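Work through the following exercises with the coordinates open beside you, and try each task before reading the solution beneath it.

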There are 2 protein chains.
Amino acid sequence: MKNCPVRRLIQLKQGYHHGDLRNALVIEGLKLLEQEGHSDFSLRDLARRVGVSAAALYAHFADKGALLAAIATVGFGQLREALEVTIRDEGDLMEQFLHMGWAYVRFGIERPALYKLMFASEDLPAKCDEYPELEAAAEAAFGTLTGVLEHLQRRGLVRAGDPETDGLSVWAHVHGLTSLIITGRVECACDPAPQPAEVVRSSLETLLGGLRSPARPVRVPAAAP
Amino acid sequence: MKNCPVRRLIQLKQGYHHGDLRNALVIEGLKLLEQEGHSDFSLRDLARRVGVSAAALYAHFADKGALLAAIATVGFGQLREALEVTIRDEGDLMEQFLHMGWAYVRFGIERPALYKLMFASEDLPAKCDEYPELEAAAEAAFGTLTGVLEHLQRRGLVRAGDPETDGLSVWAHVHGLTSLIITGRVECACDPAPQPAEVVRSSLETLLGGLRSPARPVRVPAAAP
DNA sequence: CACCAATCTTTACATCGTTAAGTTCGGGGA
DNA sequence: TCCCCGAACTTAACGATGTAAAGATTGGTG
């Protein structure tokens, strides 16, 4: 009778065992992150909200980093969903591409603390190896982006190139726009006016122009000392 | 005889007054940041290195955020220098553009903790207003990027468009590449092999292709609810 | 020469992440 | 059915952190 869904829904505090603490921590952590921001996110505060002692997390997560990694993992999942929603079977494919790009940026604008966390791994070698689920979720979101790109390639709407390489260009571009906007380097993000949509669309159309033109041979610049 | 450069060079501890604590904190802070990373950067450790009590900083900085903002400000200055170094009077202009882009990404690869700090402002409205020097330094670095772009425009090597708009595309692109690489989302950054140079060059050439093609009219997608 | 304001120190406080040891519970084996 | 073992949780404590308050020390100005 463990992990009973009924008990999980009712969520009545029955003294000791919570029943589904791990999920509760992640879900409440998402809320707390959006409210308090990345730097003011504390385990004790989170535990207080869930109604549990601060040390209880350590039965489910190795440390704070593991909790944040789990939160970032569902963040990437939600990002992937936000991108997939824009996929249609009808209509202008190029327009769909622009809409997906705008959906990506909007995800960051609407949930800046979560987005920053997702791209704020402190020491990359540790995170890459320690949290394979994070890596998988991130690659899945990336795959949605490249998937649409491959679709455009098959229809001949953009040049035929390596989907990984050109997909990286797309990802870097939308991620760069998002990051600049939510860190305040682009002023148009201060209010939710349609201005950022214009900026993003214009920038993505520029990138699309490059994806239309044929690829040129790549020469490596001399390695720096 | 205050702020005497000789005393500043000799740096002998004369009991109480340090002489040039503010600069010493920023300079040593840059080193500490690269060694320890962003999350392990502590004021007490920094004060220990400079040979001063932990509370001494508060005579020069309002809080930790102000210190980090000062560090990020010189970081943007050094980034601008790294970009300007690539400017030449002779040679292929497009090639120079690619070299500057690679210099940008290399800056982030070589000093990831500093670069992350520069683009990690926690709450944008506060930072934008509180630290005008930071804003100015960031815009100066951005201006170097757009300056080269304007040069390309005057020579007719790219389309004639709004330098601010197209400059943002360039900045977003190189920043996105840098960010993805140093957060471990692009695997090629694990070792300092010439691979990232190839990736970056290829991606920037794609963007250049878009900057060559004529701009299309911008239509704003319907605002989401 | 005396004083003032800036600079720096000591001390203290609340909070944080994390560990250690003890408590409570659920469920599988007898 | 009961018992008991391991997982899930608690309380208590530790060291470290950012920061405020109060006092000591200085260099330059009157």
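**Exercise 1. Identify the residues with the most contacts inside the largest nonpolar core, and examine the surroundings of A:Leu117.**

Step 1. In this predicted model, the largest nonpolar core holds 114 residues. The residues with the most contacts inside that core are A:Ala72, A:Leu117 and A:Trp171, together with B:Ala72, B:Leu117 and B:Trp171.

Step 2. Once neighbours within four places in sequence are set aside, A:Leu117 is in contact with A:Leu33, A:His38, A:Leu68, A:Ile71, A:Ala72 and A:Gly75.

**Exercise 2. Describe the make-up of chain A, from its helices and strands to the sequence separation of its contacts.**

Step 1. Chain A has 10 helices and 0 strands, and its pattern along the sequence reads α-α-α-α-α-α-α-α-α-α.

Step 2. Of the 225 residues in chain A, 40% are buried.

Step 3. When contacts in chain A are restricted to residues at least 6 apart in sequence, 65% of them join residues at least 24 apart.

**Exercise 3. Compare the end-to-end reach of H2(A) and of H5(A) with the expected span, then locate their buried residues and what covers them.**

Step 1. Helix H2 of chain A, residues 21-36, has 16 residues that should span 22 Å at 1.5 Å a residue, and because its end C-alpha atoms are 21 Å apart, the two values agree.

Step 2. The buried residues in H2(A) include A:Leu25, A:Gly29, A:Leu32 and A:Leu33, and their cover includes H3, H4 and H6 of chain A. After H2(A) comes A:Gly37, which has a positive phi near 85°.

Step 3. Helix H5 of chain A, residues 93-110, has 18 residues and reaches 25 Å from its first C-alpha to its last, close to the expected 26 Å.

Step 4. Among the buried residues of H5(A) are A:Phe97, A:Trp102, A:Tyr104 and A:Phe107, while the cover over its buried residues includes H4, H6, H8, H9 and H10 of chain A.

**Exercise 4. Characterise the packing of H8(A) against H9(A) by angle, axis distance, crossing and contact residues.**

Step 1. Two packed helices are described by the angle between their axes and by the distance between those axes. For H8 (residues 132-154) and H9 (residues 163-182) of chain A, the angle is about 115° and the axes are 9 Å apart.

Step 2. The crossing in which H8(A) passes H9(A) is right-handed.

Step 3. From H8(A), A:Phe142, A:Leu145, A:Thr146, A:Leu149, A:Glu150 and A:Gln153 meet A:Pro163, A:Glu164, A:Asp166, A:Gly167, A:Val170 and A:Trp171 of H9(A). The residues of this contact divide into 6 nonpolar, 3 polar and 3 charged.

Conventions
Residues are numbered from 1 along each chain as its sequence is written. Chains are lettered from A and ligands numbered from 1 in the order in which they are written. This is a predicted model: local features need pLDDT of at least 70, side-chain atom pairs count only at pLDDT 80 or more; totals for chains, interfaces and linings use all residues. A nonpolar core is a set of buried Ala, Val, Leu, Ile, Met, Phe, Trp, Tyr and Cys residues joined through C-beta atoms within 7 Å. A residue is buried if 20 or more other C-beta atoms lie within 10 Å of its own, exposed if 12 or fewer, and partly exposed in between; C-beta atoms are placed from the backbone. Two residues are in contact if their C-beta atoms, placed from the backbone, lie within 7 Å. Axes are lines fitted to C-alpha atoms, for helices over the stretch in contact, and angles run from 0 to 180 degrees between N-to-C directions. Helices (H or I, at least four residues) and strands (E, at least two) are DSSP runs, numbered from the N terminus. A crossing is left-handed if the near helix is turned anticlockwise from the far one by less than a right angle, and right-handed if clockwise. Ala, Val, Leu, Ile, Met, Phe, Trp, Tyr, Cys and Pro count as nonpolar, Asp, Glu, Lys and Arg as charged, and the others, Gly among them, as polar. The expected span of a helix is 1.5 Å times one less than its number of residues.
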